[in-house]
Every structure is written in structure tokens, then in C-alpha cells.
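Here are some short exercises to work through with the model open beside you. Try each task before reading its solution.

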Amino acid sequence: MPPLVPVRGSVLYQGKPLEGVAVEFHPLFDMGAVKFSPFGKTAADGTFTLVSGNDGAPVGEYAVTFTYPDPKWDPQEGGTPADRWKGKYSNAAKSKFKVKIAEGSNDLEPFKLD
């Protein structure tokens with residue numbers, strides 16, 4: 001696995017922080033043999049920290065996607081939770097949100113969703 005650097009950010013939906021948003025970074029570069037997408041989940045204040053097994057993400061450029069899972073979903077039932085945004089922000093190929101992760105600590109500008 002490539003070395004990881006710390007990545008923190010936040011999500012604003014209609015100008016306000018939103019808890020429970022799943023944030024996924026899809027690499028736009030070759031990571032080598034081990035393929036994975038760093039991810040995070042927003043806290044009540046809209047902030048998230050990326051993890052990839054350990055905290056952080058490899059240096060490189062990413063397309064960022066967001067899903068807002070239905071809170072009634074029970075993981076015990078299996079399957080995937082319904083996205084309350086119905087896939088509006090979940091397609092990496094169509095994402096307008098792109099970021100470049102650099103060496104050192106990365107505190108990203110807020111992602112503003114409408």
C-alpha cells in the first residue's frame with residue numbers, strides 16, 4: 001500500500017453541516033497492485049477524516065462522491081442502504097468534485113452540496 005497522509009474536510013448541504021454523509025475519494029491515478037478508495041463519514045458538525053485501513057489517503061488526485069444513507073437501514077439485513085439523495089452525488093465518473101492530496105497534512109476546503 002502507498003504511504004498515507006492525513007486528510008480532513010467538511011461537507012455543507014444547502015449551506016449547513018450535515019451528519020452521516022458518506023464521503024469517498026476515488027483515485028484518478030494508478031495506486032499499484034492494491035486498489036482501494038479512502039472514505040470517511042461526517043460528524044454532527046459536518047467534518048470528516050479519511051481512512052484507508054489507517055488514517056489518511058495516498059498522495060494524488062481524486063474524484064469525490066457523497067451518499068446520504070437512510071438512517072433506518074439495518075446492516076444486519078444486508079444489502080446497501082438507500083441514498084436519500086438518490087445517487088445525485090455518488091457517480092465518480094460524473095463528479096464535479098476533484099481534489100489533489102499533497103504531502104503533509106491536508107485540510108480541505110468545504111465541499112458545498114446543494
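**Exercise 1.** Leaving aside its neighbours within four places in sequence, which residues is Phe66 in contact with?

*Solution.* First, some ground rules: this is a predicted model, where local features need pLDDT of at least 70 and side-chain atom pairs count only at pLDDT 80 or more, while totals for chains, interfaces and linings use all residues. Residues are numbered from 1 along each chain as its sequence is written, and side-chain values use heavy atoms, with hydrogens and water left out.

Next, apply the contact criterion (heavy atoms within 4.5 Å). With neighbours within four places set aside, Phe66 is in contact with Val11, Val21, Ala22, Val23, Asp83, Trp85, Tyr89, Ser90, Phe97, Phe111 and Leu113.

Then look at the largest nonpolar core (a set of buried Ala, Val, Leu, Ile, Met, Phe, Trp, Tyr and Cys residues joined through side-chain atoms within 4.5 Å). Of its 24 residues, Phe25, Phe66 and Phe111 touch the most other members. Strands E1 (7-13), E3 (22-27), E6 (60-67), E7 (98-101) and E9 (111-113) each supply at least two residues of this core. The largest share, 3 residues, comes from E6. Strands here are DSSP runs of at least two residues, numbered from the N terminus.

**Exercise 2.** Find the order of the strands in the open sheet of 4 strands.

*Solution.* Two strands pair if DSSP finds at least two bridges between them. Following the pairs gives E4-E3-E6-E7, with antiparallel pairing. E4 and E7 stand at the edges with a single partner strand each, so one side of each has no neighbour in the sheet. From one strand to the next, the twist averages 30°.

Now zoom in on one pair: 4 bridges join E6 to E7. Tyr62 stands opposite Val99 in E7.

**Exercise 3.** Is Thr42 buried or exposed?

*Solution.* Start with its place: Thr42 lies in the loop between strand E4 (39-41) and strand E5 (47-49). Buried means under 20% relative accessible area, exposed over 50%, and partly exposed in between (1.4 Å probe, protein chains only). Thr42 has a relative accessible area of 4%, so Thr42 is buried. Finally, check its side chain, which reaches the backbone nitrogen of Val21 at 2.8 Å.

**Exercise 4.** Place Pro17 in its strand and classify its accessibility.

*Solution.* Pro17 belongs to strand E2 (residues 16-17). Its relative accessible area is 43%, so Pro17 is partly exposed. As a last step, take the C-alpha to C-alpha distance to Val64: the two are 17 Å apart in space and 47 residues apart in sequence.

Technical notes:
A polar contact is a pair of N or O atoms within 3.5 Å; within protein, one must be able to donate a hydrogen and the other to accept it, and residues adjacent in sequence count only if both atoms are side-chain atoms. Axes are lines fitted to C-alpha atoms, for helices over the stretch in contact, and angles run from 0 to 180 degrees between N-to-C directions.
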